[in-house]
Structures are given as C-alpha cells and as structure tokens.
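User: I have a structure open and want to talk it through. Can you take my questions as they come?
Analyst: Go ahead.

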Amino acid sequence: MNVRTRLSVLVGAAIGAIAIAVAPASAHGHFEFHRTSNLNSSLVWVYYPGPNPTAQYSPTWRAGSGDSTNCSYVGHGWLPTGWYDVWGHWDHYDSIIKGIATWLQNKACGDGTLRTQLFIHSKELANWGNSCPDYCFRYVSDYYSNGCIKLSHSGYGFPDNIQDAHWWWHNRDGFSFHGSNTVNNALYVYS
Amino acid sequence: MIPIRRLSRRRKTTVLVAIMSFVALVAVGVAQAIGSASTPLAVRTVTVQRAVGRPPGLFVASGRVEGARNSTLAAKASSPLSGWIAPVAVPTADGGQLVYSTWRELRHDDPKLSWSKQGIKPGDALATPMLRIHDFRSGRDKVVDKNSFSAAVRSDGTLAYVRGTDVYRAFTNYTGDVVVRSSLSTRPVVWSTEPAEYVVAAWAGSTLLAYRIAEGEKLDVLAFDGPGRQRLLMADSNLVAVSPDGTQALLANEAGMPGSISVVNVADGTIAATLDLGPLNQGILWAAYGGSWSDDLVAAPTNVGIAVFGISAGSISLEELLKNDPGTFANGLIEPQFSGDTKHIVARGDAAPDPNAGSDEGSTAALECDLTSATCLARTTEPGSAWLHPAYNPSRPSRGGSS
C-alpha cells in the first residue's frame, strides 16, 4: 500500500468513526416527528443498517398531534419537543387506547407543564378492527388528539399507516419486544 | 322585465354575481343570527394594545402577586402536573388569603433530553408538588400539605386538593387521593375511592368537581359528594365554569370534533342543554377549561378565541366571539375571567415560541379586555417559565365577585 492509499484509508476510517459517533449509540432506529400542524405533521422511522453510518428512512407518514399548538395546554396542545424514551409497545393494547400502541415517557413543555400518558396510536379496536365513532378512522379530523401522535388506520379510505409504522419499528433495526419495556431514545420531536 | 335569456353575456354575468352576492349575504346573516333570536352575534378580532400600570383582577408570576394586591410569595406558583386545568392560585372567598401550588425539583430534568440520556432510571424521584397558603395582611406564607397540589376553596373556607401517594417519579404515573379539610386546623379526609391522576377543579355548592386524567390525556370530570361518594359527571370533557348558584356546570365535551358544550345539573348529572359547536360555522372546534360564569353569560376559551355563551332555561347560544389575532397571541387567549361586570374580562394571551429557539417556551401577557370594543390591554409580559396566570376562584357560590 503506497502512502496515498494509506492516507485514503486513514481518512476514510476517520470519517466513518465520526459518522458512527453521530448516529445513536444504541444502533437501534427511532421515530422522528416533525410538528407542522395539529392535523398534518409527519412521522418517519430512521435507522442505521449494519455498519453503515448513513441514516436510512422509512416512508413518511402523515400524523397528527393535539388540537392546539400550545404545548402547555394539557389535553389539547401538541406534544413537547426533544428526545423520548418509551415505556412499552403493544400490538393489541386494550384499554382507552386500543390496538397498536407505543407509550411515551412524560415530558415537560417550555414552561415546565408536564404532558403525561401520551402514546403513538390510531383509532382502531384492539384486534385492529373498526367500531365507529370512537375506534375508526373516517375523517381528517380523526388526526386530532389530546396530545398523542395519531396515525391513520384502514377501513374508511385512509391508509393503514399505524400498521406500516409498526412494521418498520419491528423490522428495520427496531425492537422485537411487546409489552411493558423501557426503550431509550425511541422518538425525537422537532419543533 | 327583460328575460334573462335575452340579456348579453356580460349582463348575465352581472345578474349572476348579484344573485350570488345576495345569497352569500343571506347566508352570513343567518350564520350571524345563530347567536340568538333577539341579539345579533358579534364576531370581532381582538385588537391588542400595550399598556402600563397594574392589571385589574389578580395575577401571579415568578413568585409575585400583582393586580388588585401586591405581594411576594414564598415560592413561585406553578403546577406542572395540571397546567391550568385548575387555577394555579386560588384566593379565598374574602380575598384575604391565596392558596397556591408550587413545584420543587428533586432532580433536574432537561426536557430536550430523554430520561435515559440523563441517566434517569425508572422509579427515580424527580419532583414533588406542594400547596402553600399566603396571607395578604400578615405576609405569612405556610405549607398546607406536602406532596399536594390543585386546590379548590369553598366560600366557607373548606379546602379540597390532591395529595399524592408518592413523589413524582420517572416512568411512574403520579397518582393521589382527593382530600377535603374544613379548615387548615383539621385533618384531611379522603373523598376519592382509589388513587388516580386527579386534579381538583372547583366546588359546585357542596359537591366537589375534579378531573381524572386517563390514557391519552383524556380528561373525565368527576363529582364528589362526600367521602367515598364519587361519580362520573361527564367523560372526555372539560369543566368550563360553574354557575353562580353552584347548581350547574358548563362542560365541554371532546368525544367528537367539533365538540359540544352542555349545561349539566351537578346534583344528578342530567343535561339541561347542549350546543353543538360545529353548526355555529365560526370555526370553533372546542371549548376548554378556565372559563368564567357570571349572571347568564359564560366566557369560554376556544380554539379561535374567547366565546361568550348565553345560558337560559334549556338553551345555550353564542353571543359574542372575540377572535384571537394569530399575529399576537398565536397560542391562544386563555383563562378568561369576568372582571367587575360581563363586559370586561381579564385573561392571558400566549405567544408562540420562537421557531428558531428550539424550545417550547413562549411568552405570556396579562390581558384586560373590553368585550364592547374588542380591545385588550397587555400590561405585563413574562416568559412561560414565570407562570404568569390569573389567580381566581372558580368555586360557586362565591362571596363577592368572580375573580
């Protein structure tokens, strides 16, 4: 190997090391939510396959959050910015929230108001069926939430984006578990 | 009269435009008259002017009381667990004391970072709330109860609040009991049937109204008639205000969007009247907590501004709509409280955060609004972290004034 080649290898290795340092240390993917409006924000799955330090992206899904852009409006405002851990992930959650559900950590807004009990979810039954009006996705207004990230569900003309996001979560450097489990840095919310 | 078919194309267009204009005017007239049969609905966009001097009413910010009284508190009034679901500071009926929520961090939690990035583990203690009472005459300021927040103060001095079962911990829901004390010298009596995420809101006569926060930040309004006597008043709803005599509550239902508002008889939960917000055609999707009821009018915060609803036997009507100017307070006109009469209110105006600041912290202004002229005077502006809020007592019946 001549000097020039050795130098190229060294520079390449250095660039690679820097890029790996920028990528999340967990090597797992994460969701990114970009707050644009309550009805029309976006969610995307970001991951780093194998040793490749370059971020790969899923399709971007339309997503809603809140019915006000005032983060501190408990029960109305969209969710706060920043990194989130996750408390758990379920395929068939069956409580007030139903179906595919990912529970987010509590987080404070800019004035310190805490937003709690927020999920990534849709309006569907625990078995992924529909029961209108509470558990079906029929209208654009179904993207509104009390603060949760809402994705669409199929059955009434909307794509099954909750199922799509769920697939990427499990199959592209995501997580295989179901149930209560803490996952570090599983979501980043941009302003 | 000349038949339309014999008119020129230009004249036909003119006639068509005239007909369409007439239809549009009739439609607007119908929409404007939805308010009530007798009074036209007044819809205006608020004009905000900067002003100096003390605001009317009572405000708290950064550990101070301003407005009708000036005082320094022992701690900053703030209530991160409830925001302004319930007032952060509540004056007693005689106005001589102020019960307020405070918050003490046990470990700093940077909202930009996840808990794991800060080394915070499940179960780690993060903070604790604490209720305090401030006496305006003596300046004395003492603790009501540890690990407690969200007070409702009845006209006879009976105090209700939430007492936590534990401090606020990471990856743990903060639950507590609803407790009631006839005075500060008596022991708290638990009224709730089991610990939950409660927020005490207001007394309606001898019935206590409180929230239970459920999954997805769903708010249920509960009524407590005594120890262990707990009932659901309305699921998925906000308490806008309690009627002056304490027998009814205006609740905003959020199960659908647009939602509705209902006058509910507190004693038995029956609904006296309901108004669907969508057919008003004013863009109102929801009404929220933090409103005010005086005589037969309710000032309610909504997604478009402050709505004034008329309440009469068996019906609710939209009387006035003071629309928010997104250029000034993009994040809403909040906590509108009638001040002195039903033509003036004090409120809060929330400006949006700087999009380049990378933070959710906007600024808040104390507002004094004249509903007749649709003008608000902004006297004080503080960053969100100062917790600038009106201090008001939503419990009814009250003794002497609504704020």
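User: Start with the sheet in chain B that holds strands 15-16-17-18. What is its build?
Analyst: Strands 15-16-17-18 of chain B, in that order, form an open sheet of four strands with antiparallel pairing. Strands here (E, at least two residues) and helices (H or I, at least four residues) are DSSP runs, numbered from the N terminus. Two strands pair if DSSP finds at least two bridges between them.

User: Which strands are at the edges?
Analyst: Strand 15 (198-204) and strand 18 (229-234) of chain B, each of which pairs on one side only. From one strand to the next the twist averages 30 degrees. Axes for that are lines fitted to C-alpha atoms, for helices over the stretch in contact, and angles run from 0 to 180 degrees between N-to-C directions.

User: Before I go on, what kind of model is this, and how is it numbered?
Analyst: It is a predicted model, in which local features need pLDDT of at least 70 and side-chain atom pairs count only at pLDDT 80 or more, while totals for chains, interfaces and linings use all residues. Residues are numbered from 1 along each chain as its sequence is written, and chains are lettered from A and ligands numbered from 1 in the order in which they are written.

User: Back to strand 15 of chain B. How many bridges does it make with strand 16?
Analyst: Six bridges, in the antiparallel sense, with strand 16 covering residues 207-214 of chain B. As one example, V199(B) has Y211(B) in strand 16 as its bridge partner.

User: What does strand 15 do for the nonpolar core?
Analyst: The largest nonpolar core has 149 residues, and strand 15 of chain B gives the most to this core, with seven residues. Such a core is a set of buried Ala, Val, Leu, Ile, Met, Phe, Trp, Tyr and Cys residues joined through C-beta atoms within 7 Å. Buried means 20 or more other C-beta atoms within 10 Å of the residue's own, exposed means 12 or fewer, and partly exposed is in between, with C-beta atoms placed from the backbone.

User: Which residues have the most contacts inside the core?
Analyst: V200(B), A201(B), L209(B), A210(B) and V240(B). Leaving aside neighbours within four places in sequence, A210(B) is in contact with V178(B), Y198(B), V199(B), V200(B), A201(B), L222(B) and F224(B). A contact needs the two C-beta atoms, placed from the backbone, to lie within 7 Å.

User: And chain B as a whole?
Analyst: Its secondary structure comes to one helix and 31 strands. Of the 403 residues in chain B, 50% are buried.

User: Different spot: A89(B). Buried or exposed?
Analyst: A89(B) counts as buried because 26 C-beta neighbours lie inside 10 Å. Its place is in strand 6 (residues 89-91) of chain B. Beyond four places in sequence, the contacts of A89(B) are V60(B), A77(B), L98(B), Y100(B), H389(B) and A391(B). A151(B) is 62 residues from A89(B) in sequence and 7.9 Å away in space, C-alpha to C-alpha.

User: Any odd backbone? Which proline follows a cis bond in chain B?
Analyst: P258(B), joined to M257(B) by a cis peptide bond with omega about 5 degrees. P258(B) sits in the loop between strand 20 (248-253) and strand 21 (260-265) of chain B. In chain A, the bond from C132(A) to P133(A) is cis too, with omega near 5 degrees. Most residues other than glycine have a negative phi, and most peptide bonds are trans.

User: What about the phi of N147(B)?
Analyst: Positive, about 50 degrees, although N147(B) is not a glycine. N147(B) is in the loop between strand 9 (141-146) and strand 10 (148-153) of chain B, and is partly exposed, with 18 other C-beta atoms within 10 Å.

User: Now chain A. Which residues of helix 2 are buried?
Analyst: In helix 2 (residues 161-171) of chain A, the buried ones are N161(A), I162(A), A165(A), H166(A), W168(A) and W169(A). They lie on the same side of helix 2 of chain A because they cover an arc of only 165 degrees around the axis; the arc is that of the directions from the helix axis to the C-beta atoms.

User: What covers them?
Analyst: The cover for the buried residues of helix 2 includes strand 2 (41-47), strand 4 (61-65) and strand 6 (98-104) of chain A. Just after helix 2 of chain A, D173(A) takes a positive phi of about 55 degrees.

User: Last one: how many residues does each chain put into the contact?
Analyst: Chain A gives 45 residues and chain B gives 44 residues. Strand 5 of chain A gives the most to the side of chain A that touches chain B, with five residues.
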